[in-house]
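Me: Got a model I'd like to walk through with you. Mind if I fire off some questions?

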Amino acid sequence: MSEATVYLVDDDAAIRDALALLLSLKGMRAQVYANAEDFLGAHRPDWRGCLLTDLRMPGLSGLDLQRELRQRGSELPVVVLTAHGDVGTARAALKAGAFDFLEKPVDDQLLVDVLGHAIAHDAELHRSASERTRVLERLSRLTPREREVLQLLSQGLQNREIATQLQISPRTVEVYKARMMEKLDCRTLADVIRVGLMQEGAAAAAGP
């Protein structure tokens, strides 16, 4: 289900049917589950869209479901449906990374708006992750010297300063710079700086 989908988890069949009908009328694709366990059993890492889950359910609660997804590394946005007396718990869900929470009975248009924002958020996360993957793949093509030039450029050094630091000529710096920009598909210095910062972030995440 790579197509954006609202994954609806609620133990109340009447609510599931009503919400699924509403979403279909609003042009949203929905997939329904009667409990958290069924959803987790079917869940795949490549699912796109968002999760709309009841908070209180037999077995795993909505908060338990959210925690399990995070443990699996899922970034699927979670919208929690809650009764008025559950607001404190819903706030805990927000602190744990939930996208939003809505009180029952929920206004139809508010629900659709929140789910639309959650799906857009998921799409942006997916786009950013895909871009990082592409950039890191391009970075792997660089020679050690080209990586050094990239790092120093992203730190704001000029060609002559880079030449002095690396003990090469400014002309040689230009050659390395041109090759590096071609391999990274960078057209401007701003592009180079963005990639350089991403390289630094990846190195920091990898640790010593």
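Below we go through salt bridges, one helix and two pockets in this predicted model.

Me: Which residues do salt bridges with shared partners join into one network?

Reply: Start with Lys104, whose side chain meets that of Asp10 in a salt bridge at 3.7 Å, N to O. Lys104 also forms a salt bridge with Asp54, with the closest N and O atoms 3.0 Å apart. The pair links distant parts of the chain, since Lys104 is in the loop between β5 and α5 and Asp54 in strand β3. Shared partners thus put three residues in one network: Asp10, Asp54 and Lys104.

Me: How many residues apart in sequence are the parts that Lys104 and Asp10 tie together?

Reply: Look at where each one sits: Lys104 lies in the loop between β5 (100-103) and α5, and Asp10 in the loop between β1 and α1 (13-25). Their salt bridge therefore ties together parts of the chain whose separation in sequence is 94 residues.

Me: Is Asp10 buried or exposed?

Reply: The cut-off you need is that buried means under 20% relative accessible area. Asp10 has a relative accessible area of 0%, so Asp10 is buried.

Me: What about Lys183 and Glu146: which of the two is buried?

Reply: They form a salt bridge, the closest N and O atoms being 2.9 Å apart. Lys183 is in helix α8 and Glu146 in helix α6 (residues 144-154). At 27% relative accessibility, Lys183 counts as partly exposed. With a relative accessible area of 2%, the buried one is Glu146.

Me: Around the axis of α3, what arc do its buried residues cover?

Reply: The buried residues of helix α3 (residues 62-71) are Gly62, Leu63, Leu65, Gln66 and Leu69. They sit on the same side of α3, because the arc they cover around the axis is only 160°.

Me: And which elements do those buried residues of α3 pack against?

Reply: There are strands and helices on the list. The buried residues of α3 pack against β1 (5-9), α2 (36-42), β3 (49-54), β4 (78-82) and α4 (87-95).

Me: On to pockets: what's the volume of the largest pocket?

Reply: Its lining divides into five nonpolar, four polar and five charged residues. As for the space inside, the largest pocket has a volume of about 230 Å³.

Me: Which helix gives the largest share of the lining of the second largest pocket?

Reply: That pocket holds about 190 Å³ of space. Two helices, α5 (108-139) and α9 (189-206), each supply at least two residues of its lining. The largest share, four residues, comes from α9.

Key
Residues are numbered from 1 along each chain as its sequence is written. This is a predicted model: local features need pLDDT of at least 70, side-chain atom pairs count only at pLDDT 80 or more; totals for chains, interfaces and linings use all residues. Side-chain values use heavy atoms; hydrogens and water are left out. On a 1 Å grid over the protein atoms alone, a cavity is a set of points where a 1.4 Å probe fits but cannot get out, and a pocket is an open set with protein on both sides within 12 Å along at least five of seven lines; lining residues have an atom within 4 Å of a point. Grid points are joined across faces, edges and corners, and a volume is the space filled by probe spheres set on the points. Ala, Val, Leu, Ile, Met, Phe, Trp, Tyr, Cys and Pro count as nonpolar, Asp, Glu, Lys and Arg as charged, and the others, Gly among them, as polar. Buried means under 20% relative accessible area, exposed over 50%, partly exposed in between (1.4 Å probe, protein chains only). The arc is that of the directions from the helix axis to the C-beta atoms. Contact means heavy atoms within 4.5 Å. A salt bridge is a side-chain nitrogen of Lys or Arg within 4 Å of a carboxyl oxygen of Asp or Glu.
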